[in-house]
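Before reading on, please take a moment to look over the sequence and the model together. The paragraphs that follow lead through them step by step.

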Amino acid sequence: MRGLLAKRMRFHLLGAFLVSMGAATLYKFAVAEPRKRAYAEFYKHYDLKKDFEAMKAAGVLESAPPK
């Protein structure tokens, strides 16, 4: 029974580290990278003036009333 706590602690710390690194890697490649690509694709074709005119025509903006 001598050293049991230290032995188990070492095992669990290593396991926790590996699980957390795996979860972080999975999140990066499954969530963060696709999100970055989606934003880049959206803003590649985004027309600011067209969107502004659509919001202005809909009456969304108080500072630019619709005509």
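The chain carries 13 positive and 6 negative side chains, and the centres of these two sets lie 21 Å apart. This is a predicted model, and the charges are one way into it; the overall form of the chain is another.

The chain contains two helices and zero strands. Taken along the principal axes, its C-alpha atoms fill a box of roughly 85 × 25 × 10 Å, and its radius of gyration is 26 Å, whereas a compact globule of 67 residues would have one near 11 Å. A pair of residues illustrates this extent: Leu4 and Pro66, which are 62 residues apart in sequence, lie 75 Å apart in space, measuring from C-alpha to C-alpha. Pro66 belongs to the segment after helix 2 (48-58), and with a relative accessible area of 45% Pro66 is partly exposed.

Of the 67 residues in the chain, 3% count as buried. The accessible surface of the chain comes to about 6,500 Å², and 67% of that surface belongs to carbon and sulfur atoms. One part of the surface is a nonpolar patch of about 580 Å², made by Tyr39, Phe42, Tyr43, Tyr46 and Leu48. Helix 1, which spans residues 4-44, gives the most to this patch, with three residues. Phe42, a member of the patch, is found in helix 1, and Phe42 counts as partly exposed because its relative accessibility is 45%, a value that falls between the limits of 20% for buried and 50% for exposed.

To return to the charged side chains, the structure holds three salt bridges. Two of them share a residue: Glu33 meets Lys28 at 2.9 Å, N to O, and Glu33 also meets Lys36 at 3.6 Å, N to O, and in this way Lys28, Glu33 and Lys36 are linked in a network of salt bridges. Lys36 and Glu33 are three residues apart in helix 1, so about one helical turn separates them. Within this network, Lys28 is partly exposed, with a relative accessible area of 37%, while Lys36 is exposed, with a value of 52%.

The remaining salt bridge joins Lys44 and Glu41, whose closest N and O atoms are 3.5 Å apart. Here again the partners stand three residues apart in helix 1, and therefore Lys44 and Glu41 are separated by about one helical turn. Lys44 is exposed, with a relative accessible area of 61%, whereas Glu41 is partly exposed, at 40%.

Definitions and conventions. Residues are numbered from 1 along each chain as its sequence is written. This is a predicted model: local features need pLDDT of at least 70, side-chain atom pairs count only at pLDDT 80 or more; totals for chains, interfaces and linings use all residues. Side-chain values use heavy atoms; hydrogens and water are left out. Helices (H or I, at least four residues) and strands (E, at least two) are DSSP runs, numbered from the N terminus. The radius of gyration is taken over C-alpha atoms; the globule rule is 2.2 Å times the number of residues to the power 0.38. Buried means under 20% relative accessible area, exposed over 50%, partly exposed in between (1.4 Å probe, protein chains only). Accessible areas come from the Shrake-Rupley method with a 1.4 Å probe; for residues, only the protein chains shown count as cover. Lys and Arg count as positive and Asp and Glu as negative; His and the chain ends are not counted. The place of a charge is taken as NZ of Lys, CZ of Arg, CG of Asp or CD of Glu. Patches are made of residues with over 30% relative accessible area and no salt bridge: like charges are joined within 9 Å, nonpolar side chains (Val, Leu, Ile, Met, Phe, Trp, Tyr) within 5 Å. A salt bridge is a side-chain nitrogen of Lys or Arg within 4 Å of a carboxyl oxygen of Asp or Glu.
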